[in-house]
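I am opening a notebook page on this two-chain model. The entries below record what I looked up, in the order I took it.

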Amino acid sequence: MGTVHARSLEPLPVSGPDFGALGEEAELIEVEPEAKQEILENKNVVVQHVHFDGLERTKDDIIMYEICDVFKAKNLIDVMRKSHEAREKLLRLGIFRQVEVLIDTCQGDDALPNGLDVTFEVMELRRLTGSYNTMVGNNEGSMVLGLKLPNIFGRAEKVTFQFSYGTKETSYGLSFFKPQPGHFERNVSLNLYKVTGQFPWSSLRETDRGISTEINFPILKTNHALKWEGVWRELGCLARTASFSVREESGHSLKSSVSHAMVVDSRKSSILPRQGALLKINQELAGYTGGNVSFLKEDFEVQLNRPFLWDSVFSASLWGGMLVPIGDKPSSIADRFYLGGPTSVRGFNMYSIGPQSEGDYLGGEAYWAGGLHLYTPLPFRPGHGGFGDLFRTHFFLNAGNLCNLNYGEGPKAHLRKLAECIRWSYGAGIVLRLGNIARLELNYCIPMGVQSGDRICDGIQFGAGIRFL
Amino acid sequence: MSLAAEAFVTQIAAAEPWPGNAALYQPLKEEQILLSDNAACLAVQAFLQMCSLPVQLVHRANAEYMSPSGKVPFIHVGNQVVSELGPIVQFVKAKGHSLSDGLDEVQKAEMKAYMELVNNKLLTAELYLQWCDDATVQEITHPRYGSPYPWPLNHILAYQKQWEVRRKMKAIGWGCKSFDQVLEDVDQCCQALSQRLGTQLYFFNKKPTELDALVFGHLFTILTTQLISDELSEKVKSYSNLISFCRRIEQHYFEGRAKDATFRLSLIS
């Protein structure tokens, strides 16, 4: 029996750990037995040894969890498949730059006639990797410095640090991530950060300095995240001309909150899915663990996708949320919901729906938004099978409402309030998928149900974002 | 463009009469406000009283951060927000109310010089006492400044402010002064004020000006605020004409409003 290379089963992922980045088209390539290998398929083999070449600081125990299935293989095809899976798992850990698999007959004194040795040739990522780039936007230029220490203690732990020094603001983030050996989905992370945001639609500047810990774990088909966060928030006016309602919110507050998020996602691609559904439920309770901000916040997101005639996809989504202040303090402008813009209710300007004061949007304590989409390939399919597949045309119908609720009126009154004065819009446009994380849209929108105070974008609207209604 | 536009808006707003719903924002009276802030707030109150412009007092824990300049007090008139005595005097003047119109140029210059003196000596001495004197910082300033906030924000914000004020003190050369030297400065300032006042009712004869409001704000606050030691108020008390000046303004402009319980009007004598 000769040497079988399992090296080129599929193109190597360039960056290693981006296991979630498989597009809908790129499904896992199954190892298909070729004609001459069919003979080997039935032949029983025993994997006697698994060797690792190139391990330096990675601890053995974490490797064991990932490759133990290779020993269970009974025939050669099985060995190849299991080795391939082990390679995928190793790459997913984000600690190796490169993993190659070599399967050979067993050598040595104790070698069985049908014994195989599997050798993983790995190359670990460097102890410290860095990146440096400059960004320009929002009337601000900034320099971003990133440092990453992958596999810092040898068990796939990761420390990342990002520092952004801008002409107006500086921000930074330091995070430590540790997965459970053998269960990469179960992980703990600890974050320390300072971020500054400018929100021109509210004439508001917010600086957050915070610390958070998060535990992620799967239960059956659902992913859960439990999080505690302590944030020192500083609010201020963006300009002297800010409305007095925004000025009144200025100052410092400390939010300590516990939150839980649940995600069920059966879609293969999160940006332009062909089928599958998404359910996201998020709840946050602030105030019981300290701080001077108390509220209960619930929000959800549902999306359903169905293939339709001629490669088109029908998609429906619904968002909703509610913020209940606890105690007699009113809710803060930084906690309330905002709606509108090219990523939610199209045809309206960014976050320019609902309660406002002198042109500054104050957000609302309850909202809902729904959207119906029909995605089709580009007319006449230019660039089919290549670049053109990144594009879709779509027809949409969006609707939504955002308002404040006067607690005490009862749930029926709340529902009636949310059903009054619904903002809606319809139109068509082109969608461009950017990788599997973001998308760009160019739409022609016709806003309807506009209320006084809303800012609309009647006609062409351009949008970019990672979360879309 | 924006500066010109702002000036234009200010002019337009200035042309409108004084509205009935004008409000003066200052920190919480009982548990939060500090010596220097109280002096500044009282000076503005006295000034507006002297101009007979009604304002509603509003106490907010975040008044300092609401203020466009980061300093208390500020007034909210119409849709205009103006902070600190100097800009407020200008703003009120633009609306046609002024206390110093009757003065000639020399007197105006003199008034400005004395106001600078009060700001440079009395205000800085108050800041020194509340942020640089360790006993006062620990017992009064930190607990009061941090009172509206939960732990650990109360300490963080108080230390942040302390650091900021101490850095300013160093920059103006007060960083290495001893408390006795500061008291000496206060004494000199009071002496100058006392000599200028002499036996007159107000600094410029019979009518009060913004200088009177400013001096009243600081001296009245120093005289009536309970601190760890009363060395500061003792210094002021040795000038009897300043004491009677404070009492006069208090009786004339604040007596009627005493029922709203915002002032404890018993001067310690």
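I started with B:Pro152, which sits in the loop between α6 (134-145) and α7 of chain B. The peptide bond leading into B:Pro152 from B:Trp151 is cis, with omega near 0 degrees. I note that this is a predicted model, so the geometry here is that of a prediction.

I then went to B:Pro73, in the loop between α3 and β3 of chain B. The bond from B:Val72 to B:Pro73 is also cis, and I read its omega as near -5 degrees. I wrote both down because most peptide bonds are trans.

Next I turned to backbone phi in chain A. A:Asp311 is not a glycine, yet I find a positive phi of about 65 degrees for A:Asp311. I place A:Asp311 in the loop between β14 (295-307) and β15 (313-325) of chain A. Most residues other than glycine have a negative phi.

Interface entry. I looked up the contacts between the chains and found 20 residues of chain B touching 13 residues of chain A. Chain B and chain A bury about 1400 Å² between them, and 64% of that area is on carbon and sulfur atoms. On the chain B side, I list B:Tyr65, B:Met66 and B:Leu153 as the residues that lose the most area to chain A; together they account for 30% of what that side buries.

How many salt bridges does the rule find across the interface of chain B and chain A? I have one on the page. B:Arg60 is the partner from chain B and A:Glu248 the partner from chain A, with the closest N and O atoms 3.0 Å apart. A:Glu248 belongs to helix α4 (residues 244-248) of chain A, while B:Arg60 is in the loop between β2 (56-59) and α3 of chain B. For the whole structure, my search over all chains gives 26 salt bridges.

I also checked polar contacts across the interface, and the rule finds six residue pairs. I then asked which elements of chain B supply at least two residues each to the side that touches chain A. They are α3 (63-66), β3 (74-77) and α7 (153-171). Of these, α7(B) gives the most, with four residues. By class, I record 14 nonpolar, four polar and two charged residues on the side of chain B that touches chain A.

Last entry, on empty space. I searched for cavities of 30 Å³ or more and the structure holds one. I put its volume at about 90 Å³. Which residues line the largest cavity? I list B:Pro27, B:Gln32, B:Ile33, B:Leu34, B:Asp37, B:Ala61, B:Glu64, B:Tyr65, B:Tyr145 and B:Tyr149. I sorted this lining by class and obtained seven nonpolar residues, one polar and two charged. B:Tyr65 turns up twice in my notes, in the cavity lining and among the residues of chain B that lose the most area to chain A.

How values were computed. Residues are numbered from 1 along each chain as its sequence is written. Chains are lettered from A and ligands numbered from 1 in the order in which they are written. This is a predicted model: local features need pLDDT of at least 70, side-chain atom pairs count only at pLDDT 80 or more; totals for chains, interfaces and linings use all residues. Side-chain values use heavy atoms; hydrogens and water are left out. On a 1 Å grid over the protein atoms alone, a cavity is a set of points where a 1.4 Å probe fits but cannot get out, and a pocket is an open set with protein on both sides within 12 Å along at least five of seven lines; lining residues have an atom within 4 Å of a point. Grid points are joined across faces, edges and corners, and a volume is the space filled by probe spheres set on the points. Ala, Val, Leu, Ile, Met, Phe, Trp, Tyr, Cys and Pro count as nonpolar, Asp, Glu, Lys and Arg as charged, and the others, Gly among them, as polar. Contact means heavy atoms within 4.5 Å. Buried area is the accessible area (1.4 Å probe) that two parts lose on being put together, summed over both. A salt bridge is a side-chain nitrogen of Lys or Arg within 4 Å of a carboxyl oxygen of Asp or Glu. A polar contact is a pair of N or O atoms within 3.5 Å; within protein, one must be able to donate a hydrogen and the other to accept it, and residues adjacent in sequence count only if both atoms are side-chain atoms.
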